[in-house]
Every structure is written in C-alpha cells, then in structure tokens.
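Me: I would like to work through this model in a series of questions, each answered with its reasoning set out. Please begin once the structure is in view.

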Amino acid sequence: MINAAYEYDTAYARPDAEPDTSACSARPGTEMSDCEPDASARRAGPDMMMSESELYRKDMSESEQYQKDFNESELYWMWLCSAPDLTPQYIAILRKCFYDARGVYEASDSDLLACALEDKRWAKNLIRFRQSNTPEKIAELHRRKAISFVSRRHPLFPPHLKSISDCPAGLFYRGRLPDPERPTAAIIGARRCSNYGSQITTVISRMLTRAGFQIISGMAMGIDGQAQRTCLAEGGSSFAVLGGGPDVVYPEENRGLYYDLVKQGGQGGVLSEYPSGTASVRYHFPMRNRIISGLSDVVIVTEARERSGTLITADFALEQGREVYAVPGRYNDQLSAGCNRLIEQGATIIVSAQGLLKDLSLRCGLVCEETDPKKLRRPPMTEKEQAVYACLDLDPVRSEDLLARTGLSIYDISTALLNLQLSGLVTETGINSYARTAEGLS
C-alpha cells in the first residue's frame, strides 16, 4: 500500500505529466463530496523565481518527505473525497465516529449505518462505493489522468482556504496550486457581459498581474474567462475553481483556456473538490464559489446582474472576512445592478485601476513596481483617427453615428476604424458597431 501511494504521489509532482485528454467527459450521477474544519500545518510556497528543473527537484523532495509521514493518510482521504453524496455535515459526522478517513474505510457496515443515525441513505451509498473502490484503485484512476490530490492535512494545501469554516476535505487539481506567498485576487462577474465589463476586466486583471497578483476565477464565459486569459497573456499565474471534476471542461467554449491553465511547466492550474469525471451540475456551482473567495485575499466584481452567482461569491467573501470591491455602473443598467447593490451594502468602489492597486497595496503590503513605459506606449494617430477615436467609448457606437458626429466620409471613417483596430485600440462589437478596448484605458 505504501509503495502504491508513493508511486501515485511522485507521478503527480512532475510538472511535465501528460494529461489524458480522453478523460474530459462527465460521469452522470456523481455528486458532491465535501469536508470538515480541521487544524493543519502550514508551509511557505515555492519560490516563483526558481527554474523549472529546480521547482521539479523541490516538488520531488517535498513529495518524498511527505510520503514518510502522510502517504497512507492521503490515500484514504483521496478515497473518501471521491465517494458520492458526502456533504460537509456527513463528513463531520464520520470524523466524530471514526476520527479519520482510514477509520471510515476500515469501519464495519453496521458501524457506518449506526453512525448515520436517522438518515441511512448516504451511509448505504458509502458502503456500496467501498465495495467496488479501494483507495489504491481510486489513486490509480486519478494518476492515469494526471490529476493530483491534496488533503486539508497536507502541508501543501492552500493556507488561505484552511481558514474558512466549510473548507473542503481535499482538492483534486491539474497544474499547480496557488503560491501562498503571493497576493491573490478573485475577479468575477457576468457570463453574458458587455464590452464595457470585458474591457474594464482586462484593465484590472492586467494591472494586478503586473503587480504580482495571482488571479482566481471560475473559468466561466464572460468576465471570469476574460480575467484569466488576460492574466495568462501577461505571463501571470491564474487558477480556475471548477464545478465538476478537474478533467471535465465546462463550458466547452473555454476548452482552450482550460489547457492554457494546465499546460506543462505552466504557473496556473484548475482545482475542484470533486473527483475525476464528476459532472458540472447546477447545484455544484454555489458551493464552488466559496472556494473561489476562500483562496483569495480580495474579491473584485466588475459587472453583475442583481440576481447572479457572482453575488453568492461576494456573500461568501464577506462571511470569510475578505474585502469586496465592485465597479460601479449606470443606475438603470441591468448588468451593473449587482455591482451597484454591493457598493450600496458597503463594498469598496473602484473608480480607477490605479486607485484599486494603491488601495490593495496598502491592504496586502505589496510594493508596486512601475509599469513598463513600453507597454503603455501607443501608436501615433492621424488627425482623422483622433476624430473617430474621440467619438468612441466602451459602449458600442454605430458607424452611422460616427458619420454624423465627425463629418468625415464613409471611406475616411472605415480607414480610421481599420487602423485603430490593427493598433488594438478599437474592437468591432457587432455589425457596424465599434467600441474602445482596454488598450486605451491602460
């Protein structure tokens, strides 16, 4: 058993482990497994300035040391976290009865049923799961899919997450875990966002990444994905918390982002409290949101409707003692109604990206570096391009409106728009509709 566990864990530590892309499909009927609060040791994060080979040797050394003390415990916790139907309350009950995951695995059927008190269904499901799944079998399943596991007792478990009351008992992940020595910000918002929300998100994510922040989000369409793509484009570290197993890509439209996060030798990753193959079902996402906020120093909402999962994450953040920031919007804009409500309830208002960074620097004790002037240098505009650009904003403007506002010809406007798009200052948001990009705001 010890040899099997050791083989499984060292395979996970390798940064060049090859993901099994055939595993990216949901397993119907798999449900949530959760956790109980527990005290555990903490460990400083890896030195992000190390070379990849040094990081690999460091990971291997930590893995070998861990195996001496924790190998069997981790194996059993991985098994327990893979069992279906286990809510935080049920795992807390099991801990009271059997102390740890190994005690649960070795308990008799009658003891498990007695521990369940009135509701025996979840205990019966656990007994059936145990009959067909040993810890070694579960470990091998995840090893083949290049999925790592870390329990709450493991020294590599994210210390930020340990502090929340409903911390997961373990995390399944691909790629890496967030570095506890670096500041972390969650950037979240609407799935169907506006160009305004998308561009503001780009500005904030870019500035925070350049300042050394890690970006956490849910890899959803809209704001989440935009924040994470921007972070990766800047060479930063971004981590997605999924509502299904770590090998289940959801939404499908963000498959490219998923592989960018988990690519070999990268500094990002995808995390989940659910095991391999777990479907991304609706009721997983509210529980997933507590992990997004739990991993973060601050939570930033750039655009959200009044009723949305984004506000659930903000509520979790407040309960966990995290600072919440929100970008204001027009009072009659439905996509900004959630942000405006958060500000009304006490969230810190974001009036500029520079102001946000200054405030975060004070709160996180971060010494901000000056932004590279070359990154701010914009290509010179012609007089006609300046006239067109002055009429544009983050809200889309139609080309016929530009004709009326500038007095230029259709040819001059078309030429100016094309050049501005090639310069990255303008984007086409729809047929004959144009808006400024984040490049003009940085």
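Me: Is Tyr-250 buried, partly exposed or exposed?
Reply: This is a predicted model, and the relative accessibility of Tyr-250 in it comes to 44%. Buried means under 20% and exposed means over 50%, so with 44% Tyr-250 counts as partly exposed.

Me: How are the planes of the rings of Tyr-250 and Phe-285 arranged, and which parts of the chain does the pair link?
Reply: The pair links Tyr-250, in the loop between strand E5 (238-241) and helix H11 (255-262), with Phe-285 in helix H12 (residues 284-294), the two being 35 residues apart. Phe-285 counts as buried at 15% relative accessibility. The ring centres of Tyr-250 and Phe-285 are 5.8 Å apart and their planes stand at 45°, so the pair is tilted.

Me: How many aromatic pairs does the structure hold, and what is the angle between the planes of Tyr-76 and Tyr-105?
Reply: The structure holds seven aromatic pairs, one of which is formed by Tyr-76 and Tyr-105, with 5.5 Å centre to centre. That pair links Tyr-76 in helix H2 (residues 52-81) to Tyr-105 in helix H4 (residues 101-106), 29 residues apart. The pair of Tyr-76 and Tyr-105 is tilted, and the angle between its planes is 45°.

Me: Which residues form one aromatic cluster with Tyr-76, and what is the relative accessible area of Tyr-76?
Reply: The residues that form one aromatic cluster with Tyr-76 are Trp-79, Tyr-105 and Phe-129. Within this cluster, Tyr-105 is partly exposed, with a relative accessible area of 22%, whereas Tyr-76 is buried, with a relative accessible area of 2%.

Me: Which cysteines does the disulfide join?
Reply: The count comes to one disulfide, whose S to S distance is 2.3 Å and whose angle of 95° about the S-S bond makes the link right-handed. One partner lies in helix H3 (residues 88-98) and the other in helix H5 (residues 109-115), so the pair ties together parts that are 18 residues apart in sequence. The cysteines joined are Cys-97 and Cys-115.

Me: Which is buried and which is partly exposed, Cys-97 or Cys-115?
Reply: Cys-97 has a relative accessibility of 41% and so counts as partly exposed. For Cys-115 the relative accessible area is 5%, and because buried means under 20%, the buried cysteine of the two is Cys-115.

Me: Where does Leu-171 lie, and what separates its C-alpha atom from that of Tyr-274?
Reply: Leu-171 has its place in strand E2 (residues 170-175), and it is buried, with a relative accessible area of 1%. Leaving aside residues up to four places away in sequence, Leu-171 touches residues including Phe-149, Val-150, Leu-271 and Glu-273. Although Leu-171 and Tyr-274 are 103 residues apart along the chain, the separation of their C-alpha atoms is 7.5 Å.

Me: What is the volume of the second largest cavity, and how many nonpolar, polar and charged residues are in its lining?
Reply: There are three cavities of 30 Å³ or more, and the second largest holds about 60 Å³ of space. Among the residues that line the second largest cavity are Pro-158, His-160, Asp-179, Arg-182 and Leu-295. By class, its lining has five nonpolar, three polar and two charged residues.

Note on methods: Residues are numbered from 1 along each chain as its sequence is written. This is a predicted model: local features need pLDDT of at least 70, side-chain atom pairs count only at pLDDT 80 or more; totals for chains, interfaces and linings use all residues. Side-chain values use heavy atoms; hydrogens and water are left out. On a 1 Å grid over the protein atoms alone, a cavity is a set of points where a 1.4 Å probe fits but cannot get out, and a pocket is an open set with protein on both sides within 12 Å along at least five of seven lines; lining residues have an atom within 4 Å of a point. Grid points are joined across faces, edges and corners, and a volume is the space filled by probe spheres set on the points. Ala, Val, Leu, Ile, Met, Phe, Trp, Tyr, Cys and Pro count as nonpolar, Asp, Glu, Lys and Arg as charged, and the others, Gly among them, as polar. Helices (H or I, at least four residues) and strands (E, at least two) are DSSP runs, numbered from the N terminus. Buried means under 20% relative accessible area, exposed over 50%, partly exposed in between (1.4 Å probe, protein chains only). Contact means heavy atoms within 4.5 Å. A disulfide is a pair of cysteine sulfur atoms within 2.5 Å. Rings of Phe, Tyr and Trp (its six-membered ring) pair if their centres lie within 6.5 Å; planes under 30 degrees apart count as stacked, over 60 as edge-to-face and the rest as tilted.
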